[in-house]
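Reader: I am in my first year and still learning to read structures like this one. Could you take me through a single part of it closely, and show how the helices around that part fit together?

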Amino acid sequence: TQSVEVARQSVDLAEQLVKDNQTRVEVGTLAPIDVVQAQSQAATARQSLAQAEGTKRTTEIALKQLIVSGTQDSTWNASITPTDHPDFVSVEIDIPGAVRRALDTRTDLLQVRKNLQVNDVTMKYLHDLTLPQADVVASYGWQGRGGTTLERQPGTIGGAVTNTIPGGYLDALSTIGSRDYPTWNIALNVTYPLGTSAADANIARARVQQQQVEIQLKQIELQVATDITNAAIQVMSNAESVQAAQAATKLAQQQFEAEESKFEVGMSTNYLVVQAQRDLATAKNTELSAVLNYRRSQVEFERLQQTTLSSANITLVGR
């Protein structure tokens with residue numbers, strides 16, 4: 001949008017110069033060729049405006065493609081008019097702090113650290129398999145006794161029955177409830193591995209995997225620190241470019257106004273005024289590109305730290 005505004009301002013300046021030159025030609029203070037030169041500059045400015053508007057429409061379609069659900073969406077046929085323009089606000093870059101935040105919050109690093117924790121647990125488990133194992137098992141229960149009881153002569157086995165005591169299922173339940181016949185069982189099971197070659201191989205394999213994950217973690221941390229540092233340098237470099245472009249735009253504006261003033265009193269030429277117009281338009285576009293590059297580098301700097309949502313005051317709430 002701003003590039004379209006810059007192009008439209010250039011068209012307005014060029015067309016105003018055409019009108020002024022035509023007036024000067026009519027009063028005899030300027031040659032007709034100067035009107036042609038001004039008209040050429042106006043045509044070039046209109047061409048730049050058409051290109052800027054075409055770029056704007058193409059970008060608008062690409063943006064709507066990302067936010068609409070289909071061609072039936074009312075937004076698809078709507079015109080998008082930005083309410084905010086990219087501005088330049090220079091911020092202090094804390095590279096060590098940014099690296100620390102990235103190392104603490106990057107999900108790829110958190111995943112590798114989780115893998116290290118899993119490998120630690122696996123190592124301990126595999127080591128425990130090589131040790132002797134002792135299990136103590138204890139149980140306590142009750143038995144029920146019911147049915148008809150036969151009493152025999154004392155001191156004999158299989159002797160004659162001397163008495164019969166009747167009983168049934170309810171007697172069994174009664175003895176269980178009164179805990180007349182408790183049972184205790186205690187067992188000690190000891191297991192000792194006779195051969196540990198397979199277990200040792202598993203431990204060695206897990207140890208190698210652990211070392212590989214540790215090396216991977218260090219490599220990712222180094223890459224993250226490198227990317228963050230390069231992104232910070234790019235942000236600072238782009239900030240300097242914006243400041244230089246702003247100074248150049250200011251000087252180009254002053255140069256254009258000076259050439260116009262001198263041209264009005266006959267101390268400059270139409271060519272120099274046209275050239276100043278072109279320089280001013282170029283300076284404005286260069287400044288706009290520098291601001292956009294600065295904002296993009298800021299976004300990339302935040303993306304590498306994974307702080308884009310927090311910087312935009314966006315909080316994700318799980319359901």
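Author: Start with one term. Contact means heavy atoms within 4.5 Å. Keep in mind that this is a predicted model.

Now take N119. This residue is found in helix α4. Leave aside its neighbours within four places in sequence. N119 is then in contact with Q209, Q210 and V213. Is N119 buried or exposed? Its relative accessibility is 10%, and buried means under 20%, so N119 counts as buried.

Next, look at the nonpolar side chains. In soluble globular proteins, such side chains tend to be buried together. The largest nonpolar core here has 23 residues. F88, I228, V242, Y294 and F301 have the most contacts inside it. Which elements give two or more residues to this core? They are α3 (95-105), α4 (107-129), α6 and α7. The largest share comes from α6, with 10 residues.

Zoom in on Y294, one of the residues with the most contacts inside that core. Again, set aside neighbours within four places in sequence. Y294 is in contact with F88, V89, S90 and V91. Y294 also touches V235, N238, A239 and V242. F88 and V242 therefore appear twice: as contacts of Y294 and among the residues with the most contacts inside the core. Another core lies apart from this one. That other core has 20 residues, among them A38, A42, A45 and A52.

Now the helix pairs. Helix α6 covers residues 197-264, and helix α7 covers residues 270-305. Their axes come within 7 Å and cross at roughly 160 degrees. An angle over 145 degrees counts as roughly antiparallel. So α6 and α7 are roughly antiparallel to each other. Their crossing is left-handed. What kinds of residue make up the contact of α6 with α7? There are 21 nonpolar, 14 polar and six charged.

Helix α7 also packs with helix α2 (residues 32-67). The angle is about 10 degrees, and the axes are 10 Å apart. Angles under 35 degrees count as roughly parallel. That makes α2 roughly parallel to α7. From α2, the contact uses D34, Q37, A38 and Q41. From α7, it uses N270, Y271, V274, Q277 and R278. These residues divide into three nonpolar, four polar and two charged.

Definitions and conventions:
Residues numbered from 1 in each chain as written. Predicted model: local features only at pLDDT ≥ 70, side-chain atom pairs only at ≥ 80, totals over all residues. Heavy atoms only, no water. Axes fitted to C-alpha atoms, helices over the stretch in contact; angles between N-to-C directions. Helix = DSSP H or I, 4+ residues; strand = E, 2+ residues; numbered from the N terminus. Parallel < 35°, antiparallel > 145°, perpendicular 65-115°, else oblique. Left-handed = near helix turned anticlockwise from the far one by under 90°. Nonpolar A, V, L, I, M, F, W, Y, C, P; charged D, E, K, R; others polar. Core = buried A, V, L, I, M, F, W, Y, C linked by side-chain atoms within 4.5 Å. Buried < 20%, exposed > 50% of the residue type's maximum accessible area, 1.4 Å probe, protein only.
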